[in-house]
Amino acid sequence: MSIDRTLVEEALAVVRPRLQADGGGIELKEIQDDGTVLVELQGACRGCPMAGLTMASQVECVLKDRVPGITKVINVA
């Protein structure tokens, strides 16, 4: 199943303001054939001790909810 890059970008647009409010950001790097989405947390989110929680509770949940076929989201930063 091919995941629509436009749908992923639209889902990231929902998450982005939350990250920007804390001085961070997020960029889509790659969508793999197995449904894995690779992103890069940026700014204050890069290296933040709470980055794992942010990925699980905000980014991954929103993407999985809005884009069919996503199996996991990984921060590659």
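Here are a few questions and answers about the helices and the sheet in this predicted model.

Reader: In what order do the strands of the open sheet come?
Author: The sheet has three strands, and their pairing is mixed. S1 and S3 each have a single partner strand, so they stand at the edges with one side left without a neighbour in the sheet. From one strand to the next, the twist averages 30°. The order, then, is S1-S2-S3.

Reader: Which residue in S2 stands opposite Gly25?
Author: Start with the S1 and S2 pair: the two run antiparallel, with seven bridges joining them. Opposite Gly25 you'll find Gln42.

Reader: What angle does H1 make with S1?
Author: H1 covers residues 5-21, and S1 covers 24-31. The helix lies across both S1 and S2. Its direction relative to S1 is about 160°.

Reader: And what angle does the direction of H2 make with that of S3?
Author: H2 packs on the sheet too, touching S1, S2 and S3. Its angle with S3 comes out at about 140°.

Reader: Where is the kink in H2 centred?
Author: End to end, H2 (residues 51-66) reaches 21 Å between its first and last C-alpha, close to the 22 Å expected for its 16 residues. There is still a kink of about 35° in the helix. The residue at its centre is among the buried ones of H2. That residue is Glu60.

Reader: Which elements do the buried residues of H2 pack against?
Author: The buried set includes Ala51, Met55, Val59 and Leu63. These buried residues of H2 pack against one helix and three strands: H1, S1, S2 and S3.

Note on methods
Residues are numbered from 1 along each chain as its sequence is written. This is a predicted model: local features need pLDDT of at least 70, side-chain atom pairs count only at pLDDT 80 or more; totals for chains, interfaces and linings use all residues. Side-chain values use heavy atoms; hydrogens and water are left out. Helices (H or I, at least four residues) and strands (E, at least two) are DSSP runs, numbered from the N terminus. The expected span of a helix is 1.5 Å times one less than its number of residues. The bend at a residue is the angle between axes fitted to the seven residues ending there and the seven starting there. Buried means under 20% relative accessible area, exposed over 50%, partly exposed in between (1.4 Å probe, protein chains only). Contact means heavy atoms within 4.5 Å. Two strands pair if DSSP finds at least two bridges between them. Axes are lines fitted to C-alpha atoms, for helices over the stretch in contact, and angles run from 0 to 180 degrees between N-to-C directions.
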